[in-house]
Number of protein chains: 2
Amino acid sequence: MTRETSTSSMVNGFDVSTIGELEPDLRQHVERRRSVLGPGYRLLYRHPVRFARAEGVYLYDHDGHAYLDAYNNVPSVGHCHPRVVQAISQQAAALNVHTRYGTDLLLEYAERLVATFPPELGNVMFACTGSEAVDLALRVARFATGAPGVIVTSNAYHGITAAAAEISPSLGPDVPLGPQVWTVAPPSPDGQTGAAVGQALAARVRRAVADMNRHGVRFAAFIADSLFSSDGIIPEPAGLLGPVIEAVHEAGGLYIADEVQPGFARTGDAMWGFQRHGITPDLAVMGKPMGNGMPIAGIAVRPELLAEFGQKIRYFNTFGGNSVCVAAAAAVLDVIEDEGLMENSRVVGAALREAVAQASLGHPGVRDVRGAGLYVAVEFADPATGEPDAQAALGVVNDLRERRVLISATGPHGNVLKIRPPLPFTTAHVDQFMDAYAGSLAGRTPPGE
Amino acid sequence: MTRETSTSSMVNGFDVSTIGELEPDLRQHVERRRSVLGPGYRLLYRHPVRFARAEGVYLYDHDGHAYLDAYNNVPSVGHCHPRVVQAISQQAAALNVHTRYGTDLLLEYAERLVATFPPELGNVMFACTGSEAVDLALRVARFATGAPGVIVTSNAYHGITAAAAEISPSLGPDVPLGPQVWTVAPPSPDGQTGAAVGQALAARVRRAVADMNRHGVRFAAFIADSLFSSDGIIPEPAGLLGPVIEAVHEAGGLYIADEVQPGFARTGDAMWGFQRHGITPDLAVMGKPMGNGMPIAGIAVRPELLAEFGQKIRYFNTFGGNSVCVAAAAAVLDVIEDEGLMENSRVVGAALREAVAQASLGHPGVRDVRGAGLYVAVEFADPATGEPDAQAALGVVNDLRERRVLISATGPHGNVLKIRPPLPFTTAHVDQFMDAYAGSLAGRTPPGE
C-alpha cells in the first residue's frame with residue numbers, strides 16, 4: 001500500500017525514489033524524462049522497460065530481447081499490424097482532413113461502425129481519446145436530461161479531462177469527485193445467483209438516485225465499464241446489467257456503457273461488452289483499441305438524444321475522425337473480421353483462463369481467477385486473513401517483467417492481475433505465458449508459509 | 001446573422017435546410033452523413049466540398065479539380081508532406097506505444113520541443129487535442145492556485161471538452177459559461193497607442209478579478225489566444241500583452257497562452273505567439289499544427305507548477321505522446337527548420353497582407369486588413385452604417401470556394417475573413433489567391449451602391 005500511496009494510487013508505477021537501483025543507462029533515461037516531462041509521467045514496473053520496436057504480440061528492447069505482451073489492449077490486433085500500417089501509410093500520403101469537408105472514407109467507416117451496434121444506437125460521433133468521448137457522452141447526457149447527477153462504481157475510471165476525472169474515483173483522494181457524482185459498490189458475485197447480483201446493483205443505483213435527489217441533485221446518467229475493469233474485473237454473471245438499466249430508466253436517467261476496455265471483440269463473445277449482458281444502452285463510449293494505437297475514439301448514441309444537442313451545441317473536434325485515424329480504424333475492423341479475432345479471443349481466452357486457473361488455484365495466495373475472452377483476472381488475498389494482497393500481485397507482475405512477460409495489476413486494492421494481451425494471442429503464446437507465470441507463482445512464498 | 005443562428009453560431013457552416021439546392025451526388029453524401037453522424041456534424045460552405053486527396057497547399061476533389069488551400073493551419077507544413085508521411089509510416093511499422101514505457105523518441109522530442117520555449121517553461125506534457133491540452137492547463141492552474149476563477153476574452157474559443165467549452169463564449173448562447181468564468185473585451189487597437197491598448201486590456205482584467213472576488217470566486221488564470229483569432233484576429237500592437245500579464249500576476253493568477261492557433265511559426269516572427277508580445281506565460285497550450293494533422297497537443301509549463309500536481313494527480317493520456325504522433329511532430333519541427341518556414345511565413349505573409357490590403361482598401365465594404373505572418377484578416381463593415389457585415393464576408397468566402405480557393409470567416413460578428421494557408425505558401429500562390437480574391441471582391445456590389 002505504501003507503493004500505491006507514493007504513486008498516487010497508480011498500481012504498478014515505478015517509484016522514482018528507487019532510481020538509484022537502476023542500471024546507469026536506464027537511470028539516465030528516467031532522469032531525463034523526469035527533467036523534461038515533470039513528475040506526472042510514471043513508468044510501469046519497479047524496473048521500467050524501454051522499447052525500440054514491436055510486432056504482433058512482442059515488444060523488443062534495444063538489445064533485441066523479446067517481451068511477450070500479455071497486457072496491451074490498445075494495439076489490439078497486434079503491434080504494427082501490416083494491414084493497419086499500410087492503411088495509415090497510404091492515407092497519410094493521400095489525404096488527412098477534418099470532418100468539415102466531406103470524405104467518402106469517414107462516411108463509409110461511420111456507417112460500418114454504427115452497423116456493429118444495435119439499431120437503436122443509430123448515430124456515431126468521433127473524438128480522439130476515450131476521455132474526450134466520455135466527456136462528450138456526459139455533455140450529451142446532461143444536455144438531454146437537463147440534469148447534472150452521475151452515478152459511477154466506487155473504483156471507476158473513466159478518463160482524465162476535468163469532467164471525466166471527477167467521475168473517476170480510482171484516481172485517488174487527490175482528485176475530488178464532483179459534487180454531483182455519487183458512487184455505488186460494483187457487482188459482488190460472491191455466493192449469489194446471476195439475477196441476484198444484478199438486482200443488488202440495481203438496488204444500490206436506486207438508493208443512490210434517491211440520495212442524490214434528497215440533496216437536490218437530479219439524475220442524468222449511470223456510467224459503467226461493462227467489464228468493471230478498474231473495480232477489479234468483474235465479467236460475470238452475464239446478464240447482470242439488465243436490472244441495472246431498468247433502474248436507471250425508471251429514474252429518468254440514461255445508461256452510458258463505457259466500452260473503452262470491453263469493446264472491439266475483447267470479451268470474445270460479442271463486439272461490445274454490454275451485449276454480453278443483453279442490454280442496449282443509451283450511449284456507448286469507444287476508445288483504446290479502436291485504431292490499434294492511433295488516437296481515435298467515439299460515442300454511439302440514440303439519435304433522439306442528439307437531435308437538440310447537435311442543433312444547438314457546436315461540437316467540432318479538429319482531429320476527431322481525421323482521415324488517417326479513420327483509415328487505421330477501418331483496417332482494425334477488417335482485421336478483426338478477416339482474422340476471426342473475436343472467435344480467437346473467445347477460444348484462446350478460455351484456454352488462457354483455464355490454464356491460469358489450473359496453475360493458480362492450488363496456490364494459497366490466489367482467491368479467484370475470472371475473465372471474459374482475452375481478459376483474465378487473478379485475485380490475490382492473504383490466505384490467513386483473507387485481506388487483499390497487493391504485494392503478492394505486484395510481486396508476480398514484476399517477476400514476470402524480469403521474465404520478459406508484460407502484465408499489470410488493477411482493482412481498488414491493486415491485488416488483481418490484469419492479463420489482457422493483444423487479440424491475436426495464440427495457444428503457443430498461452431504456453432509461453434504459462435511457463436513464465438507458473439515460474440513466478442512457484443517462486444513466491446505465500447505469506448504465512 | 002440568420003445563418004449564424006441557424007448553425008449555432010458557426011460561421012460559414014452549411015445550412016442543411018438548403019440541401020435541396022445541392023447536386024444529387026453531394027446531396028446524397030450530405031444526407032448519409034446526417035443520417036449516421038447526426039445533426040452535430042457541419043460542413044463548411046453554402047456549397048460543401050468533398051476531397052479525395054491533397055498535396056502541399058492544394059486539395060483535390062473526386063474530379064481532380066485543385067483547390068488552393070488558403071485556410072488550413074493543421075497541415076501546417078503542407079498537406080501530406082513527404083517527410084511527415086515517411087516519419088509516420090516508418091514509426092507505425094516499427095513501434096507505437098504509450099508513455100509508460102520508455103522510448104528514446106519521446107524523450108528526444110520532448111527535449112527538442114521544450115528548447116523552443118523560454119527556459120522558464122521547462123516541462124512539457126502531451127495530450128491529443130488542443131481541447132485536452134486546455135483542459136489539462138486549467139486543471140494544473142486550478143490545482144496550483146487552489147482557485148477556480150478564469151478570465152477569457154468575450155468571444156474566446158478554447159475547445160470542446162466540458163471544461164474547455166465553458167470558457168468558450170464563441171460557442172454561442174446554448175453553451176453556458178461556467179459560473180466561475182468572467183469575460184473581458186478583447187484588445188481594441190483603434191486609434192490607440194500600443195502601450196494604451198495593453199493597459200486598457202490590463203485594466204479590464206483587474207476589474208474582472210475585482211468583480212470575481214466580489215462574488216466570492218478566487219482567481220486562477222487568464223487565458224487568451226495570443227492572436228485573439230476568434231475575437232476577430234487582433235495581432236497588433238506587438239507588446240500589448242505585457243501590461244496584461246503584470247495585472248494577472250499582481251492578482252495572484254496564472255497566465256495561460258493559448259498557442260493552438262499562433263504557435264509553430266505561424267506569426268512569422270517567432271515560434272510562439274506570446275514571444276511577439278515579449279512575455280513569458282506560466283503555461284502555454286499547443287495543438288493543431290503540432291503533428292501536421294496527427295492528433296498531438298500539449299502544454300509547456302513552469303516546473304514549479306507541476307511539482308505537486310504531478311505527484312498527486314495521476315494524469316495518463318493513453319494516446320498522448322504515442323510514438324507515431326510524436327514521430328510526425330518531430331518531422332514537423334524538422335521541416336519548419338529545414339525549409340525555413342518561419343521566415344517564409346514572415347516574408348510571404350507580408351506579401352499576402354500587402355496584396356490583400358491593396359486590393360481591398362479601395363473597396364467601400366472593407367474596414368480593415370491586418371495580420372501576422374501567414375494569418376491575414378479582412379474586416380467587412382457596412383459603409384453606410386459602419387455595422388459589421390457578415391453577409392459581405394460570407395459572400396467572399398463562398399464566392400472564393402466556387403473559384404476553388406479555400407478560406408473562411410471569424411469574429412464575434414462573422415465579418416472577418418480568415419486567410420490562413422499552410423506555411424509553404426509561395427508568392428506564386430499569393431498571385432493565384434489574389435486573382436481569385438480580386439475577382440470575388442470586384443463581383444460584389446457593396447451595400448448602398
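Chain A is divided into two domains. Domain 1 is built from two stretches, 49-77 and 341-443. Domain 2 covers 82-338. The model is predicted. Chain A meets chain B through 83 residues from each chain.

**Domains of chain A**
- The centres of domain 1 of chain A and domain 2 of chain A, taken over C-alpha atoms, are 26 Å apart.
- Domain 1 of chain A puts 24 residues into the contact between them, and domain 2 of chain A puts in 26 residues.
- On the domain 1 side, four elements of chain A supply at least two residues each: α11 (341-360), β11 (366-371), β12 (376-380) and β15 (416-419).
- Helix α11(A) gives the most to that side, with five residues.
- By class, the side of domain 1 of chain A that touches domain 2 of chain A holds 12 nonpolar, eight polar and four charged residues.

**A helix pair in chain A**
- Helix α5 (residues 130-145) of chain A and helix α9 (residues 303-312) of chain A have axes that come within 9 Å.
- The two axes cross at roughly 90°. Angles of 65 to 115 degrees count as roughly perpendicular, so α5(A) and α9(A) are roughly perpendicular to each other.
- From α5(A), the contact uses A:Val140, A:Phe143 and A:Ala144.
- From α9(A), the partners are A:Leu305, A:Leu306 and A:Phe309.
- The contact of α5(A) with α9(A) has six nonpolar residues, no polar and no charged ones.

**Where chain B touches chain A**
- The contact takes 83 residues from chain B and 83 residues from chain A.
- Helix α9 (residues 303-312) of chain B gives the most to the chain B side, with seven residues.
- By class, the side of chain B that touches chain A has 47 nonpolar, 22 polar and 14 charged residues.

**Symmetry of the two chains**
- Two copies of a chain are related by a rotation about an axis and a shift along it.
- Here, a turn of 180° and a shift of 0.0 Å along the axis lay chain B on chain A.
- The RMSD of that fit is 0.0 Å.
- This turn and shift therefore give the relation of a two-fold axis.
- B:Ser89 has the C-alpha nearest the axis in chain B, 2.4 Å from it.
- The same surface serves both copies, and 100% of the contact residues of chain B recur in chain A.

Definitions and conventions:
Residues numbered from 1 in each chain as written. Chains lettered and ligands numbered in written order. Predicted model: local features only at pLDDT ≥ 70, side-chain atom pairs only at ≥ 80, totals over all residues. Contact = placed C-beta atoms within 7 Å. Nonpolar A, V, L, I, M, F, W, Y, C, P; charged D, E, K, R; others polar. Least-squares fit on C-alpha atoms with pLDDT ≥ 70 in both. Domains from an automatic or database assignment. Axes fitted to C-alpha atoms, helices over the stretch in contact; angles between N-to-C directions. Parallel < 35°, antiparallel > 145°, perpendicular 65-115°, else oblique.
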